[in-house]
Structure formats: structure tokens, C-alpha cells
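This briefing covers a strand pairing, an internal cavity and an annotated domain. The structure comes first, and the notes follow.

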Amino acid sequence: MAAVLLLRCGARGGRRALRECETLCSRQCLKTSHKLYSAVYDPNEKTFEKLLIANRGEIACRVIKTCKKMGIKTVAIHSDVDANAVHVKMADEAVCVGPAPTSKSYLNMDAIMEVIKKTRAQAVHPGYGFLSENKEFARRLAAEGVTFIGPDTHAIQAMGDKIESKLLAKNAKVNTIPGFDGVVKDADEAVRIAREIGYPVMIKASAGGGGKGMRIAWDDEETREGFRFSSQEAASSFGDDRLLIEKFIDNPRHIEIQVLADKHGNALWLNERECSIQRRNQKVVEEAPSTFLDPETRRAMGEQAVALAKAVKYSSAGTVEFLVDSSKNFYFLEMNTRLQVEHPVTECITGLDLVQEMIRVAKGYPLRHKQADIPINGWAVECRVYAEDPYKSFGLPSIGKLSQYQEPLHVPSLITYGSNRAEALRRMEEALDNYVIRGVTHNISLLREVIIHPRFVQGDISTKFLPEVYPDGFKGHQLTDRERRELLATAASLYVAEQLRSQRFLGTPRIPIAKSKRSSWELSVHLGDGIYPVAVSKDGSSFSVEVDGMKLNVTGEWNLASPLLSITIDGTQRTIQRLSRDASGKTSIQFLGTVYKLQVLTKTAAELSKYMPEKAAEDTSSILRSPMPGAVVAVSVKPGDMVSEGQEICVIEAMKMQNSMIAAKTGKVKAVHCKAGDTVGEGDLLVELE
């Protein structure tokens, strides 16, 4: 059973919380009696006595688990605020490397090198992110005689630079995207190059990754704007503002090949991972294998990936990413010289432990497998659970204090496995319904809708899936008439169960001499723009609920203190979550992955509520509020300026991505409430128009 939680959250506010909070962790494959990998751990095969993990969170826990199986002692590093993190408790030793800012802790090479000397660690696994693709870190380790669990500095340098890697790929006879192979100097040159290539074009950071520093341009104006934002993001994220431009392959799939190579010239391709479901060029759902590839295309992509690995004398686990068009033509995108977040889906279908293989290769052992030994057994799907608001651009950052957290069957970073795709998707749907996350906004509603959408189920996907399926933005699950009745019946049943519970104390009536004989209730339930009369009658532990003239039977244990409630509605089992309720009858229920706000009132209370005054809605056309927590990078206007509808007002950076805030209408600037460098929260007032 495998899982990866990528929930980024924290009690601290603003930009700091987004960057420094702990990634919750642990990994298993969600399938009864299925192990994540069936690798054999030979106790006689000596590798390292002690290994330091230069990372935190889920990936650190992942590495520690394999090290324990291999008999390797582990050293965890942590910032002062992460002293009680899971990876710290799992490791044999743990040492603090600095304060909360990652630049002073997890990216502090001097401090980490000092810990390595102090603990006498013989090897370092960098995980992903942080220093995993930092050639200077690998060089310093080598100089101290410490083994870096990854490729050598030459491969990191060659593949980490998109311009150099593209040239190497061409020389290795790997298919590449047409484009400009040099460094783009300025916006004017970017426009000239884009015209020569032909629109649309992709502008991206040479040293980039993870979707940062990337923009699509369809004309000269977008090229100039894309050059500005991409260079700023690249400088902020990677300390390198160099950009390249290449032809944008419209409506492609994003499919990557996992490679594994040793120091003896052997290299394997471990099949593919489909990563086409993305937002802002960052992955949301991955699966292995792909529904799209036939054996011939899979083999051709694998062979080209191995050819590139051999061309740079690669030795470790790595990933070669490709764009694949509708005709199965594929083009090299980039190579990641580290373990990927989504690597467990490959482990699920091949039975290999990639962390173990990386450690063996780093020690100098040859690969134990041949290409013919690599299977595709079953299907695995990963959903990336983020602390994001999916109703805003498919996921803008959300912060808050994580007040309650309960994994589905102890599986965070959610990966499910099945003997076939349908089984893996069904298990994923169940896992998402059983995931309890309170205190921060998350994207479970989006993930659940994606995996049950007919296009996704049929395998009809591309990197444009989200904007094509939700052209007006994600709105949550759209209830059918039957589902609406089920939700109304559920809300009414919960209300009655609550009323009955309030009449009892420690299992006995609060007033023994006044036993209630009531067995039916007439209610009014407000959902969205509708108000629905609902009649409820109790029969044992079940409720008979009449909605729209139809009767539904609702049964359950009605343990209202539980974060998860399993109920059955006319024979259909549903797992729901009641997130909140108040004395006015307002309640929030997570149903089919989406949170719905309802109000349940008695018939009398509903009739009286129409006399209650309603709060007037705020006129948002004349104000600009921050849609997310972040930092103000630039402000383009001042009081008295005239602005046009759609004109940029300011730029907000969140999670190292820059977002242009625009005017909703034409008008004169009345007041500016922010300046460059300010930290803002979601909903903070930025600019007012007259």
C-alpha cells in the first residue's frame, strides 16, 4: 500500500508558512496484502553503516524505511521548528541544522557538512528538492570522502541545465522539441526568436524545474510578459535567470520514463509514468502505466531515455520526461537527476525498491536485473494532496493551522494499487473519501472529480485536461437530482440524530420523567439557491426521509463525534464528513469529495427566518483583494492613476510562483494599500478604485 502526502501547511502565516511548514509523511500502497515492493534485502551485501538524509518530511521517512530494512543506521537533520517531526523520531540520530528559514537550515551546506563530520555518516541521500540536484553539494561531499546517493557532479550539471541537456539529447539521438538552443538576452530578442520559431512558444528557465519559470506565449505581448515573469521566477527559485524558448507542443501528454543505471555501464528503463493532469505546469495526478502507450512506443521512449543516461555516464535513479502528441510522437523535455515524488507508482508495478537500488549503485554494486526482468504488474495511481484552494485557478496556496489529520488506513501521499486501473481508481476514490484534513483548505474535491470524470476514466487526457474540462474554473462536484436528494436526506438525518443525542446524557434521558415520544420531524433544508421541505421519521437506528415526494432510507451508526461517518442511503454506502455546525442550523458536509454548506431548520424556524435581514454583498468591482497569501513583488499603480480593465495592478508571489493581479474594471486608483516587499494574507485589501 503506497501513499505520499504533499500537504503543505503550518501554524505560521504568510510566505514563511508556505515555504517552511512540514510535509506530512509515510508511505504504503493502499491494497490489502500488497507490498509496495518485493525487493530482497541481502544482509550479506554490505553498503553503508550510517547514512544521513539531507531532507525532511515524507521523502526522509521513505529513505529511512529502506535503510532500516538494509540494516543502515540513519541520521536526520531538522530546523528548530521541526524538532518533533516524524522523520526526526524515525531516525537513529537527529541533529538541528538551523532556524526555520530553509536557507538557514535544509539549504545550509556548511551546517549539514558539520553534522556529517560530527555523526561520521558515510553517505548522504538528498531526497528530492532542497540540495538533491545541487552539484556544489555533491562536490563537497566527494571532497570529504562521503558518498552522494545520486549521480556524479557532471551528470547533475549537464542535465540540470536545460540548454546543455537539450544539446546532449540531440547528440544522443533523442527526439527534441524545435527551438532556440542559446540563452535569450532580453524581451526584444525573445520576441524575435518566438517569431522565428512560430507561435505558440514555451518560455522556460534554463535551470528550472517543478513548473517554475515557465510561461506559454501566443503573441508578442505575451512573450514580453512571459519573459519578465519567467526570468523573475527563475532568479527567485534557482538563482539563475537564464531562459530558453522552444516550440510549444499544443495539447500534449506529459509522460516520463524512470531510468536506473550503475557505474558499470548498465542502464534500465523501468516503464513510464503518466503525469498529464497538471495545473500551472505542476503535476496533480500520476499513474503507471499510461493508458496511451503501446509496447512499441514504450520501448522507443525507454531506449532513448537509456541512451541519454549513458551519454552522460549517469549512475543512479533518474527520470527522463517527454511530451507526447496525439500521434505518439515524443520529444525530450528534461531529465531529473533525483528521485521523483511519484516514484512509488513505479515501485508498485515493478516490485523494485528504488531507494535500495540507489544505495546499492552508490556503493558500486552492479544492477541485479536485466531489461527483460522489468514487469508491469497491475496499476498504480497517485493523487497529490495539497494545501490549496482548488476553486481558485485549480489551486492557489492555502495556509492555516492543521487542527485534525487522519490518513485513510494510514496512507499519506496518496497512492493506490490494483490489479487493473479500474480497481486502483476505485480504491483511490475510497481513500479520498476517508481522508480527514481540518484547518487548511485542500484539493481533495478536485482530485476526486478528476479520477471519476468520464474523460479521465477513458484515458482521454492531456496537459490541458483541467482547463478543457472546467473552462470556467473548478466548481466542485455538480450534484445530480439523486445525489441532491441523498445530501438533503443526510443533512436532515444528522440534524435529527443531533437533536436526539442532546436529549440524553451518558446514555440516559436528561429528564427521566419526561421521556420523548416524538418520532417525526418536518424540516426545511437550505442548499445553494434552493429551500427544500424534508420530512423525517425514525425507525430504530434508521431514518425514513421524504424529499421531493420520494422516500429514502438512511442508516448509520450516527457516531457524531467521529470525523468520518459511514452511512447507507437506499443501499448505497457513502462516507461523509461533517465539518462544522452551529446553533442556527448551518452545517458543512463533505459529500462525494466536495464540501457543501447547508442550513437545516424546523418548519417554524424557516417561516420566521424570512424576517431576518440579510447582509449586503460587498461590491468587489472597485476593490482588489489578494486571492492567496504571499509576498508583493511589484506594484504598478499609484493613487490618481487611470487603469483599464485587465491592466496589471500588482504582482503577488506565492510558493515561488508569480501571479499578476489585474483590474476588474476601468477607473481611477483611489488608494493603494500595499507596497513591494509586503507580506499579505488571503483577502487582504490591495487597491481601491473610485
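Two strands count as paired if DSSP finds at least two bridges between them; helices (H or I, at least four residues) and strands (E, at least two) are DSSP runs, numbered from the N terminus. This is a predicted model, in which local features need pLDDT of at least 70, side-chain atom pairs count only at pLDDT 80 or more, and totals for chains, interfaces and linings use all residues. Residues are numbered from 1 along each chain as its sequence is written, and side-chain values use heavy atoms, with hydrogens and water left out.

**Strands E13 and E14**
- Strand E13 (residues 316–324) runs antiparallel to E14, and six bridges join them.
- Val324 stands opposite Phe330 in E14.
- The hairpin has five residues between the strands, and Lys328 there takes a positive phi near 70 degrees.
- Strand E14 (residues 330–336) is largely enclosed by the rest of the structure, because six of its seven residues are buried (under 20% relative accessible area, 1.4 Å probe, protein chains only).

**Cavity**
- A cavity is a set of points on a 1 Å grid over the protein atoms alone where a 1.4 Å probe fits but cannot get out.
- The whole structure holds one cavity of 30 Å³ or more, and the largest has a volume of about 50 Å³, the volume being the space filled by probe spheres set on the points.
- Its lining residues (an atom within 4 Å of a point) include Lys162, Lys166, Glu246, Phe332 and Leu333.
- Helix H7 (162–171), strand E9 (243–247) and E14 each give two or more residues to this lining.

**Annotated domain**
- An unreviewed UniProt entry places "domain: Lipoyl-binding" at residues 615–690; such annotations may be inferred rather than shown by experiment.
- Over residues 615–690 the chain is 0% helix and 49% strand, with the end C-alpha atoms 23 Å apart.

Key: Buried < 20%, exposed > 50% of the residue type's maximum accessible area, 1.4 Å probe, protein only. 1 Å grid on protein atoms, 1.4 Å probe; cavity = no way out; pocket = protein on both sides within 12 Å on 5 of 7 lines; lining within 4 Å.
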